[in-house]
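Biologist: I am new to this model, and I would like to know how each descriptive word in it is earned. Could we go through it together?

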Amino acid sequence: MSHRPIYLDCHATTPVDERVLAAMLPYFTEKFGNPASINHVYGWEAEAAVKQTRESLAAAINATPEEIVFTSGATEANNLAIKGIAEAYFQKGQHIITVATEHKAVLDPCEYLKSLGFEITILPVQQDGLIDLNQLETACRPETILVSVMAANNEIGVLQPLAEIGKICRDRNIIFHTDAAQAIGKIPLDVQAMNIDLMSLTAHKVYGPKGIGALYVRRRNPRVQLAPQQHGGGHERGMRSGTLYTPQIVGFGKAIELALAEQATETARLTQLRQSLWTQLSQLEGIHLNGHQTQRLAGNLNISVEGVDGAALSLGLQPVMAVSSGSACSSAVIAPSHVLTALGNSEQLAYASVRFGIGRFNTTEEIDIVAKSAIATIQSLRKQKTLV
Ligand SMILES: *Cc1c(COP(=O)(O)O)cnc(C)c1O
């Protein structure tokens, strides 16, 4: 394994922590019951495990266990939130507000609703990636039913001011949804203090398994109505039918418990690693930081590099490090990242960008190797360019 590149793509996904895997294993073969089976011990023990995760998730965001709806991940949670609200509240209004730098799992459902006749306002961001709260206030109308703003950006790590956004929405009786796929377990989240009504979560960005996530749905002050997007049996209070995936749910709970217990120390450690990487890289000329200096995830560093070709940069880094570049990998068509262009980057600078996603298993030694190698690659590419 030692010849494999150093993994620095923790915004794409993370490995499952061994402790998470150990917690999951018995639920595949021994405790394999259906949590909906109420007549025997197999069902009861699975239900107890699911309940435990509900409690862990609820505690992590200051919600109650009944407000957690399990889904297959954040993509499904975003779809359920956005389409579910649109369908439940369309008689009240048909206007939705979101942001240019959102994940496609928010932008695409909004685009779909637009095709059905909803009106979508897409707020721009400032150069640092933050939204302008005055613009949000101006965009709110009597017929606005939903504001969807992500907690932490998956490309540039920028943390939006959730509490301020929540207050603006609550004052106007507008439902506030946040995609917290990158934020859960990494920054403090509080649905009460922040006036959040819906929150999308996922396990695999925080050392849990892929294929499991949740939507927090507020039950009180106010009670949020949601039209289910999947029918069949009425699981999850009717909001999301389907047999619960117990092993994944157990892993999700364990992953969140671990992340919370280690959040403060891990944030400090990752901040140091990121700072060290930035200090080394920024010794080069023509390196730009994408996103706010400090208002960002500890493990995120995103840079644009002047004077190099994006594809060549990506190829040059590949042998030593697994990082993401500034092209949209989500589709078959290669396009510059919509997040980086929303910050005001040229297409050229958006392509010639690198996202470093530092995580739990990265070490100081790895960061030093990565910094040296990236500097050498950039210098060599620039030199080649001046030669031709
Ligand atoms: C990864 C990610 C998603 C998608 O989550 P899945 O669980 O993979 O469906 C959605 N939003 C953000 C911000 C993400 O980073």
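**Words and the values behind them**

Modeller: Let me begin with two helices that meet: from α8, Leu273, Ser276, Leu277, Gln280 and Leu281 touch Thr364, Ile367, Asp368, Val370, Ala371, Ala374 and Ile375 of α12. By class, this contact of α8 with α12 is made up of 8 nonpolar, 3 polar and 1 charged residues. Please keep in mind throughout that this is a predicted model.

Biologist: What makes α8 and α12 roughly parallel to each other?

Modeller: The axes of α8, which covers residues 246–281, and of α12 cross at roughly 20 degrees and come within 9 Å. Angles under 35 degrees count as roughly parallel, and α8 and α12 are therefore given that description. As for handedness, the crossing in which α8 passes α12 is right-handed.

Biologist: Why is Gln280 called buried?

Modeller: Gln280 lies in helix α8, and its relative accessibility is 18%. Buried means under 20% relative accessible area, so Gln280 counts as buried. When neighbours within four places in sequence are left aside, the residues in contact with Gln280 are Asp368, Ala371 and Ile375.

Biologist: Why are α9 and α12 called oblique to each other?

Modeller: Helix α9, residues 310–317, and helix α12, residues 364–387, pack at an angle of about 140 degrees, and their axes are 10 Å apart. Roughly antiparallel would need an angle over 145 degrees, and the roughly perpendicular range runs from 65 to 115, so α9 and α12 are described as oblique. The crossing of α9 and α12 is right-handed.

Biologist: Which residues make the contact between α9 and α12?

Modeller: From α9 come Ala312, Leu313, Gly316 and Leu317, and from α12 come Ala374, Thr377, Ile378 and Leu381. Sorted by class, the residues of this contact of α9 with α12 are 6 nonpolar, 2 polar and no charged.

Biologist: Thr386 is also in helix α12; what makes Thr386 count as buried or exposed?

Modeller: Thr386 has a relative accessibility of 64%. The word exposed is kept for values over 50%, and Thr386 therefore counts as exposed. The C-alpha atom of Thr386 is separated by 57 Å from that of Thr53, and these two residues are 333 residues apart along the chain.

Biologist: How do you know that Cys140 is in no disulfide?

Modeller: The structure as a whole holds 0 disulfides. For Cys140, the nearest cysteine sulfur is that of Cys169, at 5.7 Å, whereas a disulfide needs a pair of cysteine sulfur atoms within 2.5 Å. Cys140 is also buried, because its relative accessible area is 13% and the cut-off is under 20%. Cys10 is buried too, with a relative accessible area of 7%.

Biologist: What is notable about the backbone of Tyr207?

Modeller: Most residues other than glycine have a negative phi. Tyr207, although it is not a glycine, has a positive phi of about 70 degrees, and its place is in the loop between β7, residues 198–202, and β8. The relative accessible area of Tyr207 is 7%, so Tyr207 is called buried. Glu236, found in the loop between β8 and α8, also has a positive phi, near 55 degrees. The relative accessible area of Glu236 is 9%, which means that Glu236 is buried.

Biologist: Which peptide bond is cis, with omega near -5 degrees?

Modeller: That is the peptide bond from Asn221 to Pro222. Pro222 has its place in the loop between β8, residues 213–217, and α8. Most peptide bonds, by contrast, are trans.

Biologist: Finally, why does Gly326 count as buried?

Modeller: The relative accessibility of Gly326 is 2%, against a cut-off of under 20%, and Gly326 therefore counts as buried. Gly326 sits in the loop between β12, residues 324–325, and α10, residues 338–342. Leaving aside neighbours within four places in sequence, Gly326 is in contact with Ala335, Pro336, Ser337, Leu340, Ala350, Tyr351 and Ser353. The C-alpha atoms of Gly326 and Gly310 are separated by 7.8 Å, with the two residues 16 residues apart along the chain.

Notes:
Residues numbered from 1 in each chain as written. Predicted model: local features only at pLDDT ≥ 70, side-chain atom pairs only at ≥ 80, totals over all residues. Heavy atoms only, no water. Buried < 20%, exposed > 50% of the residue type's maximum accessible area, 1.4 Å probe, protein only. Axes fitted to C-alpha atoms, helices over the stretch in contact; angles between N-to-C directions. Helix = DSSP H or I, 4+ residues; strand = E, 2+ residues; numbered from the N terminus. Left-handed = near helix turned anticlockwise from the far one by under 90°. Contact = heavy atoms within 4.5 Å. Nonpolar A, V, L, I, M, F, W, Y, C, P; charged D, E, K, R; others polar.
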